[in-house]
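Subject: Structure for your review, with findings

Dear colleague,

Please find below the sequence and structure that I am handing over to you. A written account of what was found follows them.

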Amino acid sequence: MKTIAVFGASGLTSSECVYQALKNGDTVIGLARTPENLVIPAGSGGSSAGSPLSDDKLTMIKGSVTNADDVAKVFAAGKVDGVIVGLGGKTKDVGETMLTDGTNVIMSEMMKNDVKRIAVVTSIGAGDSKDQAPFAFKILMSTVMKKIFNDKNNQEEAVAQSGLDYCIIRPGGLNVEAPTGVVNVIDGQAGSIPRADVAEFCLDAVTMENFPYIGKTPCISSVGGTGWVKDRSASARGMD
């Protein structure tokens with residue numbers, strides 16, 4: 001079994017990561033500004049969606065990713081095998097550099113604790129994927145979402161230069177539907193994808209020994225593109 005740290009743990013995608021990891025039998029240590037907001041997610045949770053999420057293998061810590069002391073508490077709570085960064089929030093609420101600053105704090109603590117594997121959720125349109133975004137989304141990126149995309153781009157650059165075993169995940173249009181089980185890596189314009197499927201990809205990125213997208217920035221969608229075969233076996237996840 002693995003111990004996975006999830007940052008931004010109460011968010012829509014991150015809560016899917018927490019929920020699915022626990023279902024897989026893994027231990028989860030989460031950090032969130034408001035841990036009480038963590039609930040069973042709509043996509044994977046079925047009829048239990050919206051209920052408080054608690055588990056003997058779940059430790060939730062209240063804090064900010066930009067506070068080194070708060071982040072250090074996550075790594076002090078257990079021997080972490082992999083890290084998922086799924087940060088969010090409106091720029092006016094969290095600041096114009098929270099994604100980059102918080103991710104740098106997390107990566108610094110990872111290095112102190114000899115943790116190598118990290119999955120970071122950004123967005124279609126970030127980095128060199130601008131042309132993969134739908135036309136209407138490109139307009140938003142250059143106007144009302146300009147500040148958040150500046151932060152996402154800087155976040156991606158910091159991760160790419162970190163020396164860690166990273167996967168920067170750029171999902172297409174996100175929804176909270178039930179998981180499809182389909183995760184396609186897209187070269188062209190991306191379609192939509194449930195957050196539940198993004199979460200499974202994130203978990204594979206930090207648990208699979210030979211995950212094929214380490215050191216890469218895949219854009220993923222449930223529509224179009226090229227599929228890949230996911231191995232969720234005990235052997236692939238180092239549980240033999």
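To begin with one pair of helices, H1 crosses H8 in a right-handed sense. Please note that the model is a predicted one.

**Helices H1 and H8**

Helix H1 spans residues 12-23 and helix H8 spans residues 195-207; their axes come within 8 Å of each other and cross at roughly 60°. The two helices are therefore oblique to each other. On the H1 side, the residues that meet H8 are Leu-12, Thr-13, Glu-16, Cys-17, Gln-20 and Ala-21. Their counterparts in H8 are Arg-195, Ala-196, Val-198, Ala-199, Glu-200, Cys-202 and Leu-203. Sorted by class, the contact of H1 with H8 consists of eight nonpolar, two polar and three charged residues.

Ala-199, a residue of helix H8, deserves a separate word. Is Ala-199 buried or exposed? Its relative accessibility is 0%, so Ala-199 counts as buried, the cut-off being under 20%. Residues up to four places away in sequence aside, Ala-199 touches Thr-13, Glu-16, Cys-17 and Gln-20. These four residues are also among those that H1 contributes to its contact with H8. Ala-199 and Ser-14 are 185 residues apart along the chain, yet their C-alpha atoms are separated by 7.1 Å.

**The protein as a whole**

The protein has 240 residues, and 50% of them are buried. Its secondary structure comprises eight helices and 11 strands. Of the contacts between residues at least 6 apart in sequence, 74% join residues at least 24 apart. The accessible surface amounts to about 10600 Å², and carbon and sulfur atoms account for 49% of that surface.

**Helix H5 and its two partners**

Two packed helices are described by the angle between their axes and the distance between the axes. Helix H5 (residues 98-112) may be described in this way against two other helices, H3 and H7.

With helix H3 (residues 68-76), H5 packs at an angle of about 45°, and the axes are 9 Å apart. H3 and H5 are therefore oblique to each other, and their crossing is right-handed. Which residues of H3 and H5 meet? From H3 they are Ala-68, Val-71, Ala-72 and Phe-75, and from H5 they are Val-105, Ile-106, Glu-109 and Met-110. This contact of H3 with H5 holds seven nonpolar residues, one charged residue and no polar residues. The charged residue is Glu-109, since Glu is counted in the charged class.

With helix H7 (residues 146-160), H5 packs at an angle of about 20°, and the axes lie 7 Å apart. An angle under 35 degrees counts as roughly parallel, so H5 is roughly parallel to H7. The crossing of H5 with H7 is right-handed. H5 contributes Met-98, Leu-99, Thr-100, Thr-103, Asn-104 and Met-107 to the contact, while H7 contributes Ile-148, Asp-151, Lys-152, Asn-154, Gln-155, Ala-158 and Val-159. By class, the contact of H5 with H7 has six nonpolar, five polar and two charged residues.

**Residues in strands S1 and S2**

Thr-3 belongs to strand S1, which covers residues 3-7. Thr-3 has a relative accessible area of 15% and is therefore buried. Beyond its neighbours within four places in sequence, Thr-3 is in contact with Thr-27, Ile-29, Lys-79, Val-80, Asp-81 and Gly-82.

Ala-32 is found in strand S2, residues 27-32. With a relative accessibility of 3%, Ala-32 also counts as buried. Its contacts, again leaving aside neighbours within four places in sequence, are with Ala-9, Ser-10, Met-60, Ile-61, Lys-62 and Gly-63. Ala-32 is 18 residues from Ser-14 in sequence, and the C-alpha to C-alpha distance between them is 10.0 Å.

**A residue with positive phi**

Most residues other than glycine have a negative phi. Asp-114, which is not a glycine, has a positive phi near 55°. Where does Asp-114 lie? Asp-114 is placed in the loop between H5 and strand S5 (117-121). Its relative accessible area is 53%, so Asp-114 is classed as exposed.

Yours sincerely

Conventions. Residues numbered from 1 in each chain as written. Predicted model: local features only at pLDDT ≥ 70, side-chain atom pairs only at ≥ 80, totals over all residues. Heavy atoms only, no water. Axes fitted to C-alpha atoms, helices over the stretch in contact; angles between N-to-C directions. Parallel < 35°, antiparallel > 145°, perpendicular 65-115°, else oblique. Left-handed = near helix turned anticlockwise from the far one by under 90°. Contact = heavy atoms within 4.5 Å. Buried < 20%, exposed > 50% of the residue type's maximum accessible area, 1.4 Å probe, protein only. Areas by Shrake-Rupley, 256 points an atom, 1.4 Å probe, with all protein chains shown as cover.
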